[in-house]
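Got your viewer open? Let's take a walk through this one together, selecting as we go.

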Amino acid sequence: MLNDQLRRVLQQMPKAELHIHIEGSLEPELIFALAERNGVKLAYGSVEELRAAYAFTDLQSFLDIYYAGASVLLQEQDFYDMTAAYLKRAEEDNVRHTEIFFDPQTHTARGVDIKVVIDGIYRACQDSPVSATLILCFLRHLSEEDAIATLEAALPYRDKFIGVGLDSSEVGNPPEKFANVFARCHALGLHLVAHAGEEGPPAYIYTALDTLKVERIDHGVRCLEDKALTERLAREKMALTVCPLSNIKLCVFDKMEQHNILELLDAGIVATVNSDDPAYFGGYMNDNFIATFEALPLGLSHAQTLARNGFSAAFLPAEKKQQYLDEVDAFFAKI
Ligand code: HPA
Ligand code: ZN
């Protein structure tokens with residue numbers, strides 16, 4: 001059980017969020033409001049009916065509904081409103097810095113201009129007191145040619161995103177499928193991340209590291225199946241952006257008591273806590289921390305480590321990073 005002091009610490013400590021898909025922050029109420037505003041017909045009759053469909057058995061069962069939800073996003077203001085709503089929730093959870101994933105192909109495939117997507121999300125970031133940067137994700141169920149075309153279309157807005165990632169259906173779409181586009185992004189000086197080892201095997205984590213040359217692994221929880229890999233991730237301080245509630249909702253672990261985040265920390269891995277798709281998985285940052293600490297024997301020192309890890313693994317200038325780390329340490333010194 002979580003005592004009141006630890007709960008308050010988890011709520012109030014300064015945080016960085018490094019794994020949030022902005023389309024996964026679309027709450028059912030906003031989906032319906034945007035559907036009405038844009039005259040989009042949904043396959044669900046009400047907010048309740050939509051929410052009732054959020055019973056996932058694996059990643060793909062979630063992605064099917066997630067892409068349907070994103071179909072209401074058409075105008076620049078829609079992307080702004082979605083992002084502003086997320087940033088407001090993040091601020092309430094004492095998130096100081098966030099690196100937001102977005103999936104341009106989900107929108108360009110429906111005829112939405114990539115400029116509309118990037119401008120709307122970016123403008124909301126500019127208007128928020130939370131420090132927020134953007135990471136463009138390629139959909140791995142699509143071809144590498146499609147990813148390259150997406151990168152080309154995004155390059156006029158290169159100053160508005162700091163990196164690229166790889167998401168969507170993992171199994172059968174290994175990182176090496178995107179070797180060329182990631183090499184190009186590396187040459188462009190973009191930060192590189194990829195989802196690997198969520199449902200996919202440790203082999204996908206190896207190729208994300210060695211072929212794509214990523215700087216963080218998104219999820220990565222299956223690394224513990226490979227001792228040499230676990231030791232390497234710890235040695236290289238390769239951060240994992242772990243998403244506890246997501247892992248339960250998508251049945252990566254049966255229940256939170258079985259989540260391996262404590263084993264990851266004990267192995268010396270720079271694990272972080274993140275919300276992934278908070279509107280679909282039952283919670284934002286604080287909900288993720290609280291659910292994890294309620295189920296596992298984690299205490300104050302783990303809270304401090306996890307808060308520090310978030311900022312350590314962020315793509316921030318060294319000075320800014322140190323300021324946030326000092327803020328975390330000052331917070332814990334006062335407890
Ligand atoms: N995994 C892969 N793709 C995704 C996810 C995820 O957890 N969330 C949104 N797209
Ligand atoms: Zn994700």
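Helices and strands here are DSSP runs, numbered from the N terminus, with at least four residues for a helix and at least two for a strand. Keep in mind as you look around that this is a predicted model.

Start with the whole protein in cartoon view. You'll find 17 helices and eight strands. The radius of gyration is 19 Å, close to the 20 Å that the globule rule gives for 335 residues, so the protein is as compact as a globular protein of that length. Turn it around: along its principal axes, the C-alpha trace spans about 50 × 40 × 40 Å.

Next, select ligand 1. Where does ligand 1 sit? Its place is the largest cavity.

Now show the residues surrounding the ligand. Among them are Leu59, Phe62, Leu63, Tyr66, His195, Glu198 and Asp277. Colour them by type and the shell around ligand 1 splits into four nonpolar, four polar and four charged residues. Which helix gives the most to this shell? Pick out helix α4, residues 59-70: it supplies four residues.

Time to zoom in on some polar contacts. Select histidine 21 and look for an N or O atom in its side chain, 3.3 Å from a nitrogen atom of ligand 1. Hop over to serine 168, where a backbone N or O atom is 2.8 Å from a nitrogen atom of the ligand. Then click on aspartate 276: an N or O atom of its side chain lies 2.7 Å from an oxygen atom of ligand 1.

Last stop: switch on the surface. Ligand 1 taken alone exposes 260 Å², and the protein buries 100% of that.

Technical notes:
Residues numbered from 1 in each chain as written. Chains lettered and ligands numbered in written order. Predicted model: local features only at pLDDT ≥ 70, side-chain atom pairs only at ≥ 80, totals over all residues. Heavy atoms only, no water. Near = heavy atom within 4 Å. Polar contact = N/O pair within 3.5 Å; in protein donor to acceptor, adjacent residues only side chain to side chain. Areas by Shrake-Rupley, 256 points an atom, 1.4 Å probe, with all protein chains shown as cover. 1 Å grid on protein atoms, 1.4 Å probe; cavity = no way out; pocket = protein on both sides within 12 Å on 5 of 7 lines; lining within 4 Å. Sits in = over half its atoms within 2 Å of the grid points. Nonpolar A, V, L, I, M, F, W, Y, C, P; charged D, E, K, R; others polar. Rg over C-alpha atoms; globule rule 2.2 N^0.38 Å.
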